[in-house]
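Got the viewer open? Here is a short tour, one selection at a time.

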Amino acid sequence: MNRVLTLAAYNVRMLLSLRTWFVLAWALFGLQIAIYGSLMSKLVSTAVPNYLFYYAIGLMVITVFDSGAEVGRHFVEHAHEGELPYFLSLPVSRGGFLAAQAIYGVVNTMIKVLPPLIGVLWFVGDLTVQGAVFAMISMFLLGLGITGIMVSMSFIAFKSVDLYSAFLAGLSALIVRFSTVFYPLIFMPSFYSPISVFSPLTYGADLTRWVLGFDPNFLLNPILAAAVVTGVAVGTLSLSAKIVDKVIEGVKAA
Amino acid sequence: MFAVETLSLSKRYGKTDALRGLNFTVNEGEIMVILGPNGSGKTTLLMILCTILKPTSGTAKVVGIDVVEDGTKVREVMGIAFQEARGFWRHKPSSILRFHASMFDIDPAKRQDLIERTMKDLELWESRDKMFMHLSGGQAKRLETAKVLIQKPKLAIFDEPTSQVDLRGKRKIWDKIRELRDQGSTIIVATNEVREAEYLADRVTILHQGQRVVCDTIPKLKDAIAGGDIVEVDFEDPVSEKLVGSLNGLGGDVSLSPEGNQLRAKVSKAEDWVPKMTSASYVAGAKIASIRITEPSLDDVFLHFTGKALADQP
Ligand SMILES: Nc1ncnc2c1ncn2[C@@H]1O[C@H](COP(=O)(O)OP(=O)(O)OP(=O)(O)O)[C@@H](O)[C@H]1O
Ligand SMILES: [Mg+2]
């Protein structure tokens with residue numbers, strides 16, 4: 001356990017050396033809300049009350065998604081820069097290795113999302129410790145699931161990194177577009193809405209909104225959402241544990 | 001108990017058979033050198049021993065622990081210096097070594113001292129402030145070796161530890177590897193360099209196309225080649241037919257190849273043959289300029305057992 005933490009701490013320290021990125025990410029978040037969010041909010045205020053809040057949470061969920069995807073990419077980079085075999089030769093179990101990656105992912109997500117979350121909650125005048133904690137938990141679970149999906153997909157990278165990048169870009173576009181991050185399911189044309197049911201972001205976003213007290217009429221059933229988000233996290237993480245061993249076969253040994 | 005034991009170990013990548021039913025053992029406390037040409041399966045074997053790759057069939061045990069069943073335990077007792085240096089690209093050598101030391105529970109009080117000493121020993125101290133990605137190939141290899149030296153594992157594996165390293169550095173690394181053995185570690189070194197094997201090996205395993213060709217101490221391997229010693233004699237004048245004739249008349253198991261002023265002889269025992277040869281030359285009136293006696297090299301051993309020269313491998 002101690003070693004898992006040492007391993008995670010090492011990754012996190014590397015992450016913290018990239019301070020400028022975080023500042024940039026927060027600034028971008030603020031900008032996006034200030035311009036897009038307020039504009040869109042005016043346009044749709046008749047249909048969805050408080051759309052700015054809805055939109056802000058969607059944007060945070062996208063950040064969670066990006067950060068989860070980044071952990072997946074980080075993993076692939078590890079493999080290609082030759083670090084993965086080194087990590088796998090350390091006296092940590094495979095599960096421990098994945099846990100260290102997950103801790104890294106959670107910290108990465110937390111740093112990117114927590115300040116915007118607090119900022120937004122404060123702005124809408126709804127900042128409570130309870131709300132922030134539950135929102136973070138919901139987004140963590142989603143983040144773990146996304147990380148799991150990305151790591152599970154990483155075996156593609158060993159056939160071809162280009163293919164992996166293309167696949168991820170495509171998958172990201174679909175998962176984000178066909179979800180409720182920016183628009184409630186009830187407003188979606190019946191042609192699209194069934195597809196959104198397959199995007200984990202739909203559940204993550206609606207669950208986060210629900211814990212923050214958004215009008216449930218615009219959201220999925222929270223129990224269903226919580227179940228799916230948890231299921232995806234557990235399922236894809238155990239799948240990635242299996243895949244790590246397979247993936248390494250594809251890395252050039254020499 | 002063997003420090004390492006494999007039983008009909010095989011590894012297949014797609015259509016390539018990298019290891020074919022390998023039986024291989026290493027005794028505790030010895031330096032075992034695996035000598036084989038490119039692609040003979042050295043790295044594949046080492047990667048299986050350190051649990052990174054899984055065998056396709058067969059078993060492998062490290063200090064009695066199965067590498068597939070109990071991977072984490074195996075990783076606790078071994079350390080590997082990879083053929084290609086593995087590092088964190090944006091980190092400095094000392095921080096990489098500190099991380100490694102912390103993963104293997106090296107006493108924090110002694111850590112810094114040990115790291116500094118090892119870096120100085122391997123002439124890495126001057127590069128301590130460079131990022132890993134800015135190290136030269138040889139420096140990165142030294143760092144790779146330093147990790148294992150600091151760790152002092154029960155089983156230390158070095159995959160071509162001195163490729164890309166200059167001659168001085170090679171000597172340093174070899175001496176350090178021997179020192180590690182003297183402190184009680186069991187050591188496996190994979191190489192395709194005969195000189196490295198000669199310098200380090202307590203025993204040598206020759207690996208060829210994923211199979212063990214032969215395994216023994218170097219003197220025994222050399223003895224196994226018929227013909228024993230090689231004597232090279234330089235004469236002041238071209239070697240005459242007559243001289244060759246009288247040398248052939250000396251008896252014993254001898255094969256002579258004269259060329260210009262030089263005569264190369266493969267003889268079973270140089271110390272018996274040379275005195276007879278000098279007196280016969282004296283009688284024939286041929287003046288000797290110099291005599292060199294050499295043992296067959298591991299190259300010759302490799303050639304003998306595989307029918308191919310190590311140097312001529314693709
Ligand atoms: N990841 C891989 N995928 C497919 N084939 C591989 C892989 N790794 C190694 N091989 C093949 O397996 C065989 C043995 O390779 P290995 O790297 O074990 O040889 P080696 O003895 O270490 O060679 P070298 O002296 O060049 O380091 C080679 O034919 C190689 O092409
Ligand atoms: Mg190799």
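Which chains do the residues that surround ligand 1 come from? They come from chains A and B, so the site is shared between chains.

Before you click further, some housekeeping: this is a predicted model, where local features need pLDDT of at least 70, side-chain atom pairs count only at pLDDT 80 or more, and totals for chains, interfaces and linings use all residues. Residues are numbered from 1 along each chain as its sequence is written, chains are lettered from A and ligands numbered from 1 in the order in which they are written, and side-chain values use heavy atoms, with hydrogens and water left out.

**Stop 1: ligand 1**

Select ligand 1 and show the residues near it (a heavy atom within 4 Å). You should get 17 residues, and the closest are Gly39(B), Lys42(B), Thr43(B), Thr44(B) and Gln83(B). Colour that shell by class and you'll find 4 nonpolar, 9 polar and 4 charged residues. For that colouring, Ala, Val, Leu, Ile, Met, Phe, Trp, Tyr, Cys and Pro count as nonpolar, Asp, Glu, Lys and Arg as charged, and the others, Gly among them, as polar.

Now look at the oxygen atoms of the ligand. Thr43(B) puts a polar side-chain atom 2.6 Å from one oxygen atom of ligand 1. For Lys42(B), a polar side-chain atom lies 2.8 Å from an oxygen atom of the ligand. Gly41(B) uses its backbone instead: an N or O atom there lies 3.0 Å from a ligand oxygen. Overall, the protein covers 77% of the 640 Å² of accessible area that ligand 1 has on its own; such areas come from the Shrake-Rupley method with a 1.4 Å probe, and for residues only the protein chains shown count as cover.

**Stop 2: the magnesium ion**

Go on to ligand 2. What coordinates the magnesium ion? Thr43(B), through OG1, and Gln83(B), through OE1, do so at 1.9 to 2.1 Å. Thr43(B) sits in helix H1 of chain B and Gln83(B) in the loop between strand S6 (78–81) and helix H3 (93–103) of chain B, so the pair ties together parts that are 40 residues apart in sequence. Donors here are N, O and S atoms within 2.8 Å of the metal (3.2 Å for Na, K and Ca), and water is not among the atoms, so sites may look incomplete.

Buried or exposed? That is the next thing to colour by: buried means under 20% relative accessible area, exposed over 50%, and partly exposed in between (1.4 Å probe, protein chains only). Thr43(B) is buried at 11% relative accessibility, while Gln83(B), at 22%, is partly exposed.

**Stop 3: helix H1 of chain B**

Turn on the cartoon; helices (H or I, at least four residues) and strands (E, at least two) are DSSP runs, numbered from the N terminus. Strand S2 (16–26) and helix H1 (42–49) of chain B each supply at least two residues of the shell around ligand 1. The largest share, 3 residues, comes from H1(B).

How many of the 8 residues of H1(B) are buried? The count is 8 of 8, so the helix is largely enclosed by the rest of the structure. Among them are Leu45(B), Leu46(B), Met47(B) and Ile48(B).

**Stop 4: two positive phi angles**

Step past H1(B) to Thr51(B), in the loop between H1 and strand S4 (57–62) of chain B. Its phi is near 70 degrees, a positive value in a residue other than glycine. Thr51(B) is buried, with 7% relative accessibility. Then pick Thr72(B), in helix H2 (residues 71–77) of chain B: the C-alpha atoms of Thr72(B) and Thr51(B) are 8.4 Å apart, although 21 residues separate the two in sequence. Thr72(B) is partly exposed, at 26%.

The other phi to check belongs to Gln209(B), positive at about 50 degrees although the residue is not a glycine. Gln209(B) lies in the loop between strand S9 (203–208) and strand S10 (211–216) of chain B, and is partly exposed at 44%.

**Stop 5: zoom out**

Finally, show chain B in full, with its 11 helices and 14 strands. Its C-alpha trace spans about 75 × 45 × 35 Å along the principal axes, and 51% of its 314 residues count as buried. Colour domain 1 (4–222) and domain 2 (227–295) separately; these bounds come from an automatic or database domain assignment. The C-alpha centres of the two domains lie 44 Å apart.

Key
Polar contact = N/O pair within 3.5 Å; in protein donor to acceptor, adjacent residues only side chain to side chain.
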